[in-house]
Amino acid sequence: MKSIFKIIKATFLGGILFLAPLVVLLIILEKGYHIIQKVTLPLVSNLPRIHVLGLALQELFGILLIIIFCFIAGVLAKTTLAQKLILKIENSILSFIPGYSFMKGINENIMGIESNKDLKVILVPTDAGWQFAFLIEQINENNFTVFVPDAPNPWSGSVVFVEKKDIREVGISQKEALACIRKLGYGSKELLKNRL
């Protein structure tokens, strides 16, 4: 009975952690849209009131401006100065938010953004058998910090410290491991063939 409540709790908390970034993104976009509407209203007030697909010209103009701003921000984010600034903010502020680095890495991987911080996928032994884990860092010559994600939502899990002898490398990508975890292990037959 306790294990059922534990699974329900883990799934519920995992759902919250999955939805939280989406809700924050929607709030930011909604606030940005209202700010842009204030800017575009004087610009389009002299234009005829035309509706395209149920949207007024002002709304279309606002959406177009948000897309342009996001594109310009994306271009600026690739500059050396912006990357240094982002790194400084992440190291001084965002790194103190629990799970920020891990969630950022997963989001980059899910969105297909190339990252040189792709976490190494390994298997670690548990009471029930081998489990996927992500190698976070090496503590010393013999000990490592790993994150063991829960299924089906990898946003929650446990940080454990394991010895080198208990780590089994599998040679699969972080994206492949995350997809397998979200699908409750479906696809592991092909993924771990000749590796387990």
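Me: How are the strands ordered in the open sheet, and is the pairing parallel or antiparallel?
Reply: The order is 6-5-4-3-7, five strands in an open sheet, and the pairing is antiparallel. Strand 6 and strand 7 (168-169) are the edge strands, each pairing on one side only. Keep in mind that this is a predicted model.

Me: OK, and what does the whole protein look like in terms of helices and strands?
Reply: It has six helices and seven strands. Going along the sequence, the pattern reads α-β-β-α-α-α-β-β-β-β-β-α-α.

Me: Back to the sheet. How many bridges does strand 5 make with strand 6?
Reply: Seven bridges, with the two strands running antiparallel; strand 6 covers residues 157-163. One pair to look at is Phe144, whose bridge partner in strand 6 is Val162.

Me: And on the other side, how many bridges join strand 4 to strand 5?
Reply: Four, again antiparallel, with strand 4 spanning residues 129-138. Phe134 sits opposite Phe147 of strand 5 there. The two strands are linked by a hairpin of four residues.

Me: What about strand 3 and strand 4?
Reply: Strand 3, residues 120-126, pairs with strand 4 over seven bridges, also antiparallel. In that pairing Pro125 is across from Trp130 in strand 4.

Me: What holds strands together in a sheet, generally?
Reply: Backbone hydrogen bonds, in either a parallel or an antiparallel arrangement.

Me: Is strand 5 enclosed or open to solvent?
Reply: Six of its seven residues are buried, so strand 5 is largely enclosed by the rest of the structure. Thr145 lies in this strand, which runs over residues 143-149. Thr145 has a relative accessible area of 9%, so it counts as buried, the cut-off being under 20%.

Me: Which residues does Thr145 touch, leaving out its sequence neighbours?
Reply: Beyond four places in sequence, its contacts are Phe134, Leu135, Ile136, Glu137 and Ile139, plus Val159, Val160 and Phe161.

Me: Which helix lies across the strands here?
Reply: Helix 5, residues 174-182. It lies across strand 3, strand 4 and strand 5, at about 140° to strand 4.

Me: Switching to backbone geometry: where is the cis peptide bond?
Reply: Between Ala151 and Pro152, with omega about 5°. Pro152 is in the loop between strand 5 and strand 6.

Me: And which residue has a positive phi without being a glycine?
Reply: Leu184, with a phi of about 55°. You'll find Leu184 in the loop between helix 5 and helix 6 (188-191).

Me: Is that leucine buried or exposed?
Reply: Exposed: Leu184 has a relative accessible area of 60%.

Me: How much of the whole protein is buried, then?
Reply: Of its 196 residues, 23% count as buried. The exposed area of the protein is about 14,300 Å², with carbon and sulfur atoms supplying 67% of it.

Me: And how many of the contacts are long-range? Say 24 or more positions apart.
Reply: Among contacts with a separation of 6 or more, 44% are between residues 24 or more positions apart.

Me: Now charges. How many salt bridges are there?
Reply: The count is four. Among them, Glu190 pairs with Lys193, with the closest N and O atoms 3.9 Å apart.

Me: What does Lys165 pair with?
Reply: Glu163, at 3.9 Å between the closest N and O atoms, and also Asp166, at 3.5 Å from N to O. On exposure, Lys165 counts as exposed at 62%, Glu163 as partly exposed at 33% and Asp166 as partly exposed at 24%. Shared partners join Glu163, Lys165 and Asp166 into one salt-bridge network.

Me: Last topic, confidence. What is the average pLDDT?
Reply: It averages 77, and 73% of the residues score at least 70.

Me: Which element has the lowest mean pLDDT, and which the highest?
Reply: The lowest is helix 4, residues 100-110, with a mean of 59, and the highest is strand 5 with 92. Residues 112-116 have a pLDDT below 50, and that stretch has two contacts in the model beyond near neighbours in sequence.

Me: How should low-pLDDT coordinates be read?
Reply: Not in detail: where pLDDT is low, the predicted coordinates don't support that kind of reading.

Key. Residues are numbered from 1 along each chain as its sequence is written. This is a predicted model: local features need pLDDT of at least 70, side-chain atom pairs count only at pLDDT 80 or more; totals for chains, interfaces and linings use all residues. Side-chain values use heavy atoms; hydrogens and water are left out. Buried means under 20% relative accessible area, exposed over 50%, partly exposed in between (1.4 Å probe, protein chains only). Contact means heavy atoms within 4.5 Å. Accessible areas come from the Shrake-Rupley method with a 1.4 Å probe; for residues, only the protein chains shown count as cover. Two strands pair if DSSP finds at least two bridges between them. Axes are lines fitted to C-alpha atoms, for helices over the stretch in contact, and angles run from 0 to 180 degrees between N-to-C directions. pLDDT is the predictor's confidence in each residue, from 0 to 100. A salt bridge is a side-chain nitrogen of Lys or Arg within 4 Å of a carboxyl oxygen of Asp or Glu.
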